[in-house]
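Got the model open in your viewer? Let's click through a few spots and see what is there.

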Amino acid sequence: MGRSVLDVPMSEVQGFLSDFTSKYQYDNMCQEIKIIKTISESDHIVYMRHQVSRLFGLIRRNRDFCFYCHRGIIDGCYFHSVISVEDPTCPERRDYVRSELLPGCGWLLKPYEKDPSKTLVSYVAHVSIYIFQ
């Protein structure tokens with residue numbers, strides 16, 4: 001879990017997270033991310049592929065994910081939650097280990113109480129990466 005205050009308004013951070021291709025700007029392991037299926041304006045099935053250089057000093061195995069993403073605003077807070085799904089348009093690849101995004105993964109944004117022009121950002125990574133596969 002990570003938490004930080006950013007010196008930008010929530011709407012800018014929300015716009016950044018809403019653009020899946022922005023992941024390339026802060027995640028150098030991400031080789032591919034694409035929307036597989038649009039369910040609604042706030043719901044998507046997404047495929048993401050990572051190339052891992054080393055994993056905890058163990059054998060290197062590239063990872064991929066197929067996940068459902070739901071985004072929205074509740075009580076002035078923006079959330080971006082994800083969970084792994086199986087979808088026929090997102091088959092497993094033999095050269096990648098299919099990893100799993102577990103319940104609780106995602107982003108939560110809210111205006112910073114001391115200065116609403118800033119954003120309090122929380123990120124939770126709840127991932128099963130199957131190290132020994």
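Select threonine 38 to begin: across from this residue, in β3, stands histidine 44. Keep in mind as you click that this is a predicted model.

Now widen the selection to both strands, β2 (residues 30-40) and β3 (residues 43-50). They run antiparallel, and eight bridges join them. Look at the turn end as well: β2 and β3 make a hairpin, with two residues between them.

Next stop, the aromatics. How many aromatic pairs does a search of the whole structure find? Three. Pick phenylalanine 16 and tyrosine 26, which form a tilted pair with 5.9 Å from centre to centre and 45° between the planes. Colour by secondary structure and you'll see that phenylalanine 16 belongs to helix α1 (residues 10-18), while tyrosine 26 sits in helix α2 (residues 23-26), ten residues apart. Switch on a surface and check both rings: phenylalanine 16 is partly exposed at 32% relative accessibility, and tyrosine 26 is partly exposed too, at 40%.

Then jump to tryptophan 107 and tyrosine 123, another tilted pair, this one at 4.4 Å centre to centre and 45° between the planes. Tryptophan 107 is in strand β8 (residues 105-112) and tyrosine 123 in strand β9 (residues 115-124), so this pair ties together parts that lie 16 residues apart in sequence. Tyrosine 123 has a relative accessible area of 32%, so it counts as partly exposed.

For the last view, show Phe16, Tyr26, Trp107 and Tyr123 together: ring pairs link them into a cluster.

Technical notes:
Residues are numbered from 1 along each chain as its sequence is written. This is a predicted model: local features need pLDDT of at least 70, side-chain atom pairs count only at pLDDT 80 or more; totals for chains, interfaces and linings use all residues. Side-chain values use heavy atoms; hydrogens and water are left out. Rings of Phe, Tyr and Trp (its six-membered ring) pair if their centres lie within 6.5 Å; planes under 30 degrees apart count as stacked, over 60 as edge-to-face and the rest as tilted. Helices (H or I, at least four residues) and strands (E, at least two) are DSSP runs, numbered from the N terminus. Buried means under 20% relative accessible area, exposed over 50%, partly exposed in between (1.4 Å probe, protein chains only). Two strands pair if DSSP finds at least two bridges between them.
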